[in-house]
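User: I want the reasoning behind the labels in this model. Take me through the strands and helices.

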Amino acid sequence: MKDITVVLIHYADPLAFHKALSSLKKINTRVKSVMVLQEQELKVDIDRGYERINQIEFINPEQALNDIIYRLATPYVLFLHNTDYLSPTINDHSLQLPHKKTVLATCYHNRNIVTHRPLLVSAAFLKKVKLLSNHQIPFKEALFPAWLSKVEASHQQIKDGLVRQLRINSSSNNVEKEKFIQKYQLKKVRTEHPTISVLITNYNMGKYVETAIVSCLLQNEEFEQILIMDDGSTDNSYEQIQRFHDGKQVNVFHKQNAGKAKALNQLIPHVTSKFILELDADDWLDPDASTVIKERLSTLPDDVSVLYGNLRKWKQLTNDVLFKGVSKGVEINGISDLLSYRFPLGPRIYRTSILKRDGGFPVIEFEEGRMYEDVSMLHSLIRKTPFRYEDFTVYNVREHKESITKNNRSKWEDFLDVLKRN
């Protein structure tokens, strides 16, 4: 019975592509068709060596993968990507889903890192629990692990040795991605640690804002609130954001453009949690950010207004991100330390009661609070309350050419002059 549609994704190397096709011969009696999705043209010859594969179709990468899957008629979908090929030991009977299981996942090994990816998936289940889009994941390697994190463990069967890779990429960039991906496998938990709301303000970040939001939703421990303010965007990002509004965990608001400080201040009255995590619309969080932060908040002294840690930095490329390193935080013990800090300071976790008591983010005359609003807030707080640095890394900074701060570095000294007068 030909009950499987095979989907090959991101095969840039013709040799790896041919290896993947050849490996399908082991399950030829079950393969009805093969679909190939590519970001770039793949120059290959489909020769008679693959004649037993009924149909090979090259798909325009602009087409949404979920739409393609929705039209499939086979009961199962098998995913291979990059340099994957089926193990020589595999056979028709290796790919079986036990009763009540909807996903057969397999293990990938890179150094001492083991990650899980779906291999064989019930098409009916895949149509119900859709894959994420490229705008919702930090990098393409996260596509299947991120989706798998949404699948209940009771629906999964994990087997090792089903897939091999023609070559394993052990560059520092890829290893860092694999470490991040591994966190999608953490068990879901619920603790009695202090509550956190995430505040996101968006202005024309349609390329990136969905990644920020989805990173909050794919946590192994839920954030209590995700509050999003669109600050008068002129691109399509407000429409993108609205799709996440559920009136419960996620609430979306919209206002005329007036700058980030005012946008954050309009969100603060809606906060019901003890702490606030500020997330920029072009950044994203690790899947365990909530748990890691909450553990540290549980022992935070009552007089501390801000908890912060380290930043993991990525450079935005055309269709990918490149790992640049981790920027370690340092202790701040006063205004002098603050103003000499290698900004941005982050992640910034504020005590809600203190922000509300002090009236939120200062809107100073410099650019009407449209720039350096975080420094203005920290400058106000450090004069009254201590900060706490701890060595943890769960916040990812995206460096890109659209960054407002990056494009206005020359204004930093002017800002400091205004700040010192306040």
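User: What makes E10, helix H6 and E11 a right-handed β-α-β unit?

Analyst: Strand E10 (residues 196–202) and E11 run parallel, and helix H6 (residues 209–217) completes the unit with them. Right-handed means that, with the strands pointing away from the viewer, the path from the first strand over the helix to the second runs clockwise. The unit of E10, H6 and E11 is right-handed. Helices (H or I, at least four residues) and strands (E, at least two) are DSSP runs, numbered from the N terminus. This is a predicted model: local features need pLDDT of at least 70, side-chain atom pairs count only at pLDDT 80 or more, and totals for chains, interfaces and linings use all residues. Residues are numbered from 1 along each chain as its sequence is written, and side-chain values use heavy atoms, with hydrogens and water left out.

User: How do you know that E10 pairs with E11?

Analyst: Two strands pair if DSSP finds at least two bridges between them. Six bridges join E10 to E11, so the pairing criterion is met. Ile 200 has Ile 228 of E11 as its bridge partner.

User: Which strand does E11 join by six bridges on the way to residues 250–255?

Analyst: Strand E12, and the two run parallel. Asp 230 stands opposite His 254 in E12. The chain crosses from E11 to E12 through helix H7 (residues 237–242), again as a right-handed β-α-β crossover.

User: Why is E11 called largely enclosed?

Analyst: Buried means under 20% relative accessible area, exposed over 50%, partly exposed in between (1.4 Å probe, protein chains only). Seven of the seven residues of E11 (residues 225–231) are buried, so the rest of the structure largely encloses E11.
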